[in-house]
Amino acid sequence: MTGVFEHVRLICFDLDDTLWPCHPVIHAAEVECYAWLDRQAPRLTACYTPEQLREHRIALGHARPDIAHDLTEVRLRSLETLLAEHGYNVDLAHAASDVFRAARNRVTPYAEVIGALAELRPRYTLVSVTNGNSQIEHTPLRASFDHSLTAAEVGAAKPDPAIFQVASQRSGIPLDAFLHVGDDPLRDVQAARDLGLTTVWVNREANDWPDPLPRADLEVADINRLVERMIG
Ligand SMILES: [Mg+2]
């Protein structure tokens, strides 16, 4: 380990599309939740396709910036509104949200992730920081981190700096000893750089870096490449 990484004591990781693929698990959770609604609230699903439910959630998120960072809350409020409009008990929204969340937690980490995190864990404090609504304690990575933070918990989504600042408070490690690892050039790399963190871009699909953003300090195709750099 040399140069720009020598000061690192804590590594924070984004989750979705950094440590597991996001789209397949969200899609499966949407399908499962809609099938549940179709059985429990057929008058609602007769009027709303899955895509129309999604559009309703997005519109609600735009109308309610106070809860937009909390995707579970947005889903809940959207469903409550629509269930009430169709003559159902709004309590069904909580049950539907539980169905979605259980399926949302059935993530499959990329093949190298659990082993790579286990190699880093003895030498670094590891923290997960996500804008998403997976519950780490119900995923295969439940034992991989020292701390896990969500946008919903800290009250703001990346690129807001709150989640990194809370990670520093929670761990007792200053931000200038952080390395942040993520797939999103703006919400991960730029957001972390703005706070003075050292940054790693996880680029699994060999995408082009979006110029003119300044590049991350390191670009890796997977977490094993990060392990090689950090502990050789
Ligand atoms: Mg991500």
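Which residues does valine 202 touch, not counting residues up to four places away in sequence? The close-ups below start there, and keep in mind that this is a predicted model.

**View 1. Valine 202 and its contacts.** Not counting residues up to four places away in sequence, valine 202 touches Thr18, Val181, Gly182, Asp183 and Val220. You'll find valine 202 in strand 5, which covers residues 198-202. Valine 202 counts as buried because it has 26 C-beta neighbours inside 10 Å, and 20 or more are enough for that label. Arginine 43 is another story: 159 residues separate it from valine 202 along the chain, and their C-alpha atoms are 44 Å apart.

**View 2. The six-stranded sheet.** Here's the open sheet, with its strands in the order 3-2-1-4-5-6 and parallel pairing. Strand 3 (147-150) and strand 6 (218-220) sit at the edges with a single partner strand each, so one side of each has no neighbour in the sheet. On average, neighbouring strands are turned by 20 degrees against each other, direction ignored.

**View 3. Strands 4 and 5, with helix 9.** Zoom in on strand 4 (residues 178-182) and strand 5: they run parallel and are joined by four bridges. Look for valine 181, which stands opposite valine 200 in strand 5. Helix 9 (residues 185-194) packs on the sheet and touches both strand 4 and strand 5. The direction of helix 9 makes about 165 degrees with that of strand 5.

**View 4. The nonpolar cores.** The largest nonpolar core has 36 residues, and Ile11, Cys12, Val127 and Val181 have the most contacts inside it. Strand 1 (residues 10-13) supplies the largest share of this core, with four residues. Take cysteine 12: leaving out residues up to four places away in sequence, it touches Val127, Val129, Ala167, Phe178, His180 and Val181. Apart from the largest core lies another, of 13 residues, including Val25, Leu37, Ala41 and Phe100.

**View 5. Where the two domains meet.** Domain 1 is made of 3-21 plus 109-231, while domain 2 is 24-104. Their C-alpha centres lie 29 Å apart. The contact takes 10 residues from domain 1 and eight residues from domain 2. What's on the side of domain 1 that touches domain 2: how many nonpolar, polar and charged residues? That side has five nonpolar and five polar residues, and no charged ones.

Note on methods. Residues numbered from 1 in each chain as written. Predicted model: local features only at pLDDT ≥ 70, side-chain atom pairs only at ≥ 80, totals over all residues. Domains from an automatic or database assignment. Contact = placed C-beta atoms within 7 Å. Nonpolar A, V, L, I, M, F, W, Y, C, P; charged D, E, K, R; others polar. Helix = DSSP H or I, 4+ residues; strand = E, 2+ residues; numbered from the N terminus. Buried ≥ 20, exposed ≤ 12 C-beta atoms within 10 Å, placed from the backbone. Pairing = 2+ DSSP bridges. Axes fitted to C-alpha atoms, helices over the stretch in contact; angles between N-to-C directions. Core = buried A, V, L, I, M, F, W, Y, C linked by C-beta atoms within 7 Å.
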